[in-house]
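Got a protein and a strand of RNA on the screen? Here is a walk through what the atoms have to say, written for someone who would rather be at the bench.

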Amino acid sequence: MLENYSAKEIEAKWQKIWEEKAVFQPEPDSRKKFFLTIPYPYLNGNLHAGHTRTFTIGDAVARFKRMKGDNVLFPMAFHATGTPIVGLSELIANKDPLIWGVYTKLHGIPEEELSTLNTPEKIVLYFRRQAKAAMQSIGYSIDWRREFTTTDPAYSKFIEWQYGILRKLDYVVKGSHPVRWCPHDRNPVEDHDILKGEDATIMDFALIKFRMGDTVLPCATLRPETVFGVVNLWLNPDVNYVEARVNDETWIVSKEAYEKLTFTDRQVAWGAEISGKQLIGKTVTNPLTGTEVLILPAGFVDPDNGSGIVMSVPAHAPYDYLALKDLYDTDLSEYGITADLRKIGFISLIESPGYGELPAVEIVNELKVKDQNDPKAEDATKLLYRREFHNGVLKANTGQYAGTAVSKIKDVLLADLIEQGMAEVFYEFSETPVICRCGTRCVIMMVRDQWFLEYSDPEWKARVLKCLAGMQIIPEEFRVEFENKVDWLKDKACARRKGLGTHLPWDKEWLIESLGDSTIYMAYYTLAKYVNAGMKIDNLPPEFFEFIFMNNGNAAEIAKLTGIPQETVQQIHDDFAYWYPVDLRTSGKDLVANHLLFFLYHHVAVFPERLWPKAIAVNGFVSLEGKKMSKSKGPLLTLRQAVAENGADVTRLYILGNAEGTQDVDWRNDGVQSTHAHLERFYNLARDVLADDSIDENAPKTLVDRWMLSRLQRRIAEATEAMESIQTRRALQSAFYLLFNDLRWYQRRGGKNQLGVVLSAWVRMMSPFTPHVCEELWAAGLGEGYASLAAWPKADESLIDVQAEKAEDLLEKMLNDVQEILNVTKATPKKITLYTAPAWKKEMLQLAVDGAAGGKLDMGALMKAAMAAPAIAAHKKDAPKYAQKLAKAAHSLSAEALGLDEYETLGREKDYLQTALGVPVEIFSADDAGEDPKGKSKQAEPGRPAIYIE
RNA sequence: GCGGGGUUUGCCAAGCUGGCCAAAGGCGCAGGACUUAAGAUCCUGUCUCGCAGGAGUUCGCGGGUUCGAAUCCCGUACCCCGCACCA
C-alpha cells in the first residue's frame with residue numbers, strides 16, 4: 001500500500017481492477033436479488049453535483065446491499081428523447097452567445113469540442129461518453145454491460161410495445177388542452193423559451209353568457225357563484241368591442257378577447273365593431289336568475305382581461321361597489337340613463353364569519369378605499385376573495401347550492417352552467433404579458449386532437465394508491481406528498497410533433513413525449529445486456545416483449561419470429577423473472593410530482609402486482625457555498641470537476657455525510673477540505689495499525705479493550721440500521737466520525753491489541769462510502785478478495801459490555817469534574833484524592849429506586865424505610881439530606897450506578913488517572929476515608945465519587 | 001393560492017415515540033502539547049455567571065397542556081420545494 005494517501009493513484013488503480021475483473025457484473029444465482037435503479041440523466045449537459053448526490057446515495061446503497069449478501073443489480077442508462085437536445089444543437093450550430101458561455105464556462109467544454117456538437121446525435125454521443133466517464137471516475141458500482149440511450153432502435157421497439165398496451169387498456173385517448181403558445185413560432189412555449197412572465201399560470205375563468213336578445217355578452221369571472229348577485233354589467237366606454245360569430249352564436253367581446261378566442265377550439269368570425277358607449281345603458285338578462293340588469297360604464301374594465309365585459313356584484317366585489325358608488329352623482333344622460341342608480345339593490349349571497357350583509361362595503365370602509373382608481377381597491381379585492389373563498393358559505397338565495405362552501409362550489413357550478421349552455425370556460429394567464437423569446441406576445445392555444453394519457457382515470461389512480469400503500473417510501477413523510485399528487489394529477493398530453501423519440505405506433509405523426517417513455521424502462525435493463533452483446537434486433541415485435549416481460553407465449557415461437565436463438569430468448573426471459581421488480585428507486589425530490597408518479601402509473605398499468613416497485617427514496621438538492629445551483633446561470637459544479645479537485649472518495653464522503661434525506665447538501669470548500677483531512681487521518685491510522693506487529697489480538701482483554709469492542713458493536717448496529725433506511729449521514733456519523741472518536745479514546749487510554757479487529761470492521765463499514773481507499777487498505781492485509789465484496793460487519797451482541805462502558809464513563813466524568821473544579825478555582829493541583837460512595841448511600845439509592853412509583857417518591861416513606869436499615873440509621877444526620885435529593889430526582893432515578901464497583905475500578909485505573917491528571921492520585925472509599933481534611937468524602941454519591949484537590 | 005418540508009447554541013447539523021438536553025458530531029475560533037519554525041497530529045475550552053464539580057437563561061415568535069417541553073397542542077412570521085405537458 002501507499003505510504004501516503006493519494007486519491008488519484010488509489011482511485012485509478014481500483015477502478016481499473018473493478019472493470020477488468022468484472023466485479024460489478026451480476027448474473028442471476030441462488031442469492032436474494034436486489035435491483036436498484038436511479039433515473040437516468042438527460043444528456044443536454046454534464047453531470048453536476050445534484051446528480052452526484054442522487055447517484056452516490058444509490059451507489060452506497062448498492063454497495064451496502066452487496067456486502068450484506070444480496071445479489072445486486074445497479075445499471076445505468078441515458079435519456080435523450082425530447083426537445084431540449086434538438087434545441088441545443090441548433091443553438092450550438094448558430095453559436096448562440098448565451099449557450100456558448102454556459103457550455104464553455106459552466107459545463108467546462110473546450111470551444112473546439114463544443115463547436116462540433118451541432119447535431120442532436122453528436123450531442124447525445126458526446127455527453128453520453130462524458131457522463132459515463134464521470135460516473136466511472138467516482139467509482140460507481142454500475143454494471144455497464146446494460147447501458148443504453150433512449151434513442152436506441154431496440155428501446156423504441158420496447159416503447160412501442162408499452163404504448164400498445166396502454167392503448168389497448170384505453171389509457172391513451174384523444175382530447176384538447178390549453179397550452180402557452182407563441183403565434184409567431186407557431187409552437188407551444190416552454191419555461192426556458194419565455195422572456196417575460198415565466199411565472200404565469202393558465203387559469204380557467206368562467207365565461208357567463210349574459211344575453212341581450214340573441215346576442216351574448218360573456219362575462220369572465222373566477223367566481224361564477226357570484227352570478228347570483230349580479231346587479232349590473234360593466235363595460236369600458238372608451239374601448240372598442242366587436243360583434244363576432246362564435247360557433248353558432250353572436251358574441252360581443254373586446255377586440256383583445258376576440259383575438260384570444262381565435263386560438264381556442266371555437267369557430268370565430270369577425271363582425272362589426274361597436275363602441276362601448278353604444279352598449280352602455282342597454283339591459284341584459286342574467287342567464288341563471290333571469291333578471292334584467294343595466295350595462296353601466298366603468299374605467300377599471302380592462303379589455304385585455306377576460307372578455308372586456310364584467311359582471312357587477314357590489315355586495316361581494318369591492319371594485320363593483322366602488323364603481324357603482326362613483327356613478328351615483330354622475331350624469332349618465334349621454335348613455336340615455338336617467339334612472340337613479342341608488343335604487344339598485346345589492347344582492348348578498350355569501351355568508352362568512354366576521355362580515356355582515358355587504359362584505360365589499362365593509363372592507364372598503366375598513367381599508368378606507370377612496371374610489372375605483374385607489375390602489376387599495378386591489379388589496380381589498382384580494383383580501384375579501386381569500387376570506388370568502390376559505391370561510392364563506394352560499395346563502396339561501398343560491399337555491400340548490402345553498403349551504404355549499406365557496407371553496408367547493410366553482411367546479412360544480414361551472415359544470416352545471418356549461419351543461420345548461422349558460423357558460424363556457426375561458427383560459428387566461430394569471431399574469432400578463434407573457435412574452436416569448438422571439439419577442440412575440442404569447443396566447444393560450446387550444447391544442448386539438450392531442451393524445452393524452454388518462455391519468456385522471458379513477459381506477460388507474462386507485463391502483464397507484466394501492467401500489468403506494470404497499471411500498472416503502474423514504475422518507476416516510478413523503479408518502480402523503482405522493483398521495484396528494486396522485487389525487488391532483490390530471491390527464492397528460494403524451495405526444496409531441498418535435499424532438500427525439502419514438503413514434504406512436506398507431507399515429508406516426510406523433511412522437512411519444514419524453515416523460516412518458518421513461519416509466520418502465522427499468523425492465524429494459526435486463527434486455528439491454530443482450531442488445532449490447534450483439535443480439536439481432538431488426539425484428540422485435542410486441543410478441544417478443546410479451547414473452548420476455550409478461551410470460552405470454554414461448555421461447556421457440558419467439559425465436560422463430562425474431563431470428564434470435566431460442567436459448568437467448570429464454571435467458572432474457574429468465575433474467576427478467578429473476579431481477580424484476582425494482583426493489584428501490586432513488587431520486588431527487590423534484591421528480592416526485594412527475595417522473596416518480598408516472599413510474600408508478602405505468603407499472604401498475606402494464607405489470608401484474610407482484611412486479612410493482614417496492615420502494616422509492618427521495619433526496620434533496622446540492623447548493624454551492626449556500627447558493628442554489630443553476631445549470632444555465634451558474635454556479636455549477638460538475639461531477640468531474642468535483643472528483644478532479646477532491647478525489648472520488650472525498651467527494652462521496654462529503655456529499656453523503658453532509659445532509660440527510662430531503663434536505664439540501666451545501667457544498668462548501670472548507671467542509672470538503674476538512675473531509676479530506678479526515679479521510680487522510682483515517683488512512684494514516686489504518687496504515688500505522690497495519691504496520692504494527694506488536695498488536696496481539698489474542699492477548700487478555702483489558703477494560704478498554706472490552707470497552708472498544710463494545711462501542712464498535714454499537715457503531716455497527718447504528719450504521720447498519722441507518723443504511724437499511726438509506727440514511728447515509730446518520731450511518732457515517734456512527735461508522736466514521738463517532739467511531740473515530742472512540743478509537744482516539746481507546747488509544748489515549750493505552751488500548752492497542754484490538755486495533756486490528758476494529759480496523760477490519762471499520763474498513764468494511766466505510767467501503768460503501770469510500771470504496772477506493774477501503775480496497776487499498778483491505779488489500780494491505782485485512783482480508784481476501786475485494787473490500788467491495790467483503791461481508792458487512794455484523795454487530796455481536798455478546799461483545800456489548802455494559803460494565804466496561806460504565807467504567808469508562810466513570811473515568812471520563814471523573815476527569816471532566818476535576819477539570820471543571822480546576823477551571824473554577826484556577827488552582828494548580830499537587831495531589832488529588834477520590835472517595836467513592838459509602839455503602840449506606842448505595843443502600844438508600846436502592847430503596848429510593850424501589851420506592852419511586854410513577855416518577856414520584858414520598859420523602860417520609862423513604863426515610864421510614866431508611867431508618868429501618870441499620871447501615872443507614874447509623875448516619876442519621878446525613879441521611880435526610882440525601883433522601884431529599886433523591887426525592888427531588890424521583891423521576892430519573894436509576895439503579896444503574898450500583899452496578900459498578902467504583903472503588904475497584906478507580907483503583908485499577910489509578911495509573912491512568914495519575915498520568916491523565918499529571919499528579920499523584922489517592923483513592924478511598926467514603927466508608928474508610930482515611931485522612932479527609934475538608935470532609936469532602938461526604939459528597940460522594942453512587943456514580944459520582946467525591947473529589948479533593950490540594 | 002394549494003400541497004409538502006423546514007426555522008436548534010458563531011456556521012453546518014443531530015435531537016423532536018416529553019424527563020438521562022446547555023442539547024451528538026463537524027467546521028470555525030481560543031489555549032496547550034509536539035516542532036528550530038510552520039503544517040499536520042493530539043489534548044482542552046467555546047450561551048452567561050461562578051476561587052469545588054454549581055447556578056441562570058436558551059432551541060423562529062406568542063400562547064397553552066404537563067410535576068416537567070427543543071420535543072405535544074393552538075396561533076403567527078419567515079424560508080425552501082412542486083403546481084405539468086417541460087426534462
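What follows is a tour of this predicted model, going from the overall build to the RNA surface and then to some local oddities.

**The overall build**

Start with chain A as a whole. The chain holds 34 helices and 33 strands. Its radius of gyration is 38 Å, well over the 30 Å that the globule rule gives for 950 residues, so chain A is more spread out than a compact globule. If you lay the C-alpha trace along its principal axes, you get spans of about 115 × 85 × 55 Å.

As for what is tucked away, 54% of the 950 residues in chain A count as buried. Now look at the contacts in chain A with a separation of 6 or more: 76% of them come from residues 24 or more positions apart.

**Around the RNA**

Which residues come nearest to RNA strand B? There are 56 residues around the strand, and the nearest are Tyr-42, Lys-492, Arg-496, Lys-628 and Arg-729. Sorted by character, the residues of this surface split into 22 charged, 18 nonpolar and 16 polar.

Several elements supply at least two residues each to the surface near RNA strand B, among them helix H12 (376-391), helix H15 (478-488), helix H20 (592-606) and helix H28 (802-825). Strands take part too, including S22 (492-493) and S33 (946-949). The element that gives the most is H25, with seven residues; this helix covers residues 728-748.

Turn to the RNA side of the meeting. Of the strand B atoms within 4 Å of the protein, 64% belong to sugar or phosphate, and the rest belong to bases. Here are some polar contacts to sugar or linking oxygens of that strand, and they are easy to find by residue number.

| Residue | Protein atom | Partner in RNA strand B | Distance |
|---|---|---|---|
| Asn-484 | polar side-chain atom | sugar or linking oxygen | 2.8 Å |
| Val-824 | backbone N or O atom | sugar or linking oxygen | 3.2 Å |
| Arg-668 | side-chain N or O atom | sugar or linking oxygen | 3.3 Å |

**A closer look at Lys-485**

Lys-485 sits in helix H15, one of the elements that supply the surface near RNA strand B. Is Lys-485 buried or partly exposed? With a relative accessible area of 23%, it is partly exposed, because buried would need a value under 20%.

Lys-485 also has company from far along the chain. Val-592 is 107 residues away in sequence, yet the two C-alpha atoms are 8.3 Å apart in space. Once you set aside neighbours within four places in sequence, Lys-485 is in contact with Ala-593 and Leu-597.

**A buried threonine**

For contrast, go to Thr-836 in strand S31 (residues 832-836). Thr-836 has a relative accessible area of 3%, so it counts as buried. Leaving aside neighbours within four places in sequence, Thr-836 is in contact with residues including Glu-902, Tyr-903, Leu-906 and Phe-924. Ser-925, Ala-926, Ala-940 and Pro-945 are also in contact with Thr-836.

**Backbone oddities**

Most residues other than glycine have a negative phi, and most peptide bonds are trans. Some spots in this model go the other way.

Where are the cis bonds? One cis peptide bond joins Ile-474 and Pro-475, with omega about -5 degrees. Pro-475 is in the loop between strand S21 (472-474) and H15. Another runs from Gly-634 to Pro-635, where omega is near 0 degrees. Pro-635 is in the loop between strand S29 (627-628) and helix H21 (639-646).

Then there is phi. Asp-449 is not a glycine, but its phi is positive at about 50 degrees. This aspartate lies in strand S20 (residues 443-453), and at 47% relative accessible area Asp-449 is partly exposed. Asn-551 is also not a glycine and has a positive phi of about 60 degrees. You will find Asn-551 in the loop between helix H17 (542-550) and helix H18 (555-562).

**Cysteines**

How many disulfides does the model have? The count comes to zero, where a disulfide would need a pair of cysteine sulfur atoms within 2.5 Å. As for where some cysteines sit, Cys-467 counts as buried at 3% relative accessibility. Cys-774 counts as buried as well, at 0%.

How values were computed:
Residues are numbered from 1 along each chain as its sequence is written. Chains are lettered from A and ligands numbered from 1 in the order in which they are written. This is a predicted model: local features need pLDDT of at least 70, side-chain atom pairs count only at pLDDT 80 or more; totals for chains, interfaces and linings use all residues. Side-chain values use heavy atoms; hydrogens and water are left out. Buried means under 20% relative accessible area, exposed over 50%, partly exposed in between (1.4 Å probe, protein chains only). A residue is near a molecule or strand if one of its heavy atoms lies within 4 Å of it. A polar contact is a pair of N or O atoms within 3.5 Å; within protein, one must be able to donate a hydrogen and the other to accept it, and residues adjacent in sequence count only if both atoms are side-chain atoms. Helices (H or I, at least four residues) and strands (E, at least two) are DSSP runs, numbered from the N terminus. Ala, Val, Leu, Ile, Met, Phe, Trp, Tyr, Cys and Pro count as nonpolar, Asp, Glu, Lys and Arg as charged, and the others, Gly among them, as polar. Contact means heavy atoms within 4.5 Å. The radius of gyration is taken over C-alpha atoms; the globule rule is 2.2 Å times the number of residues to the power 0.38.
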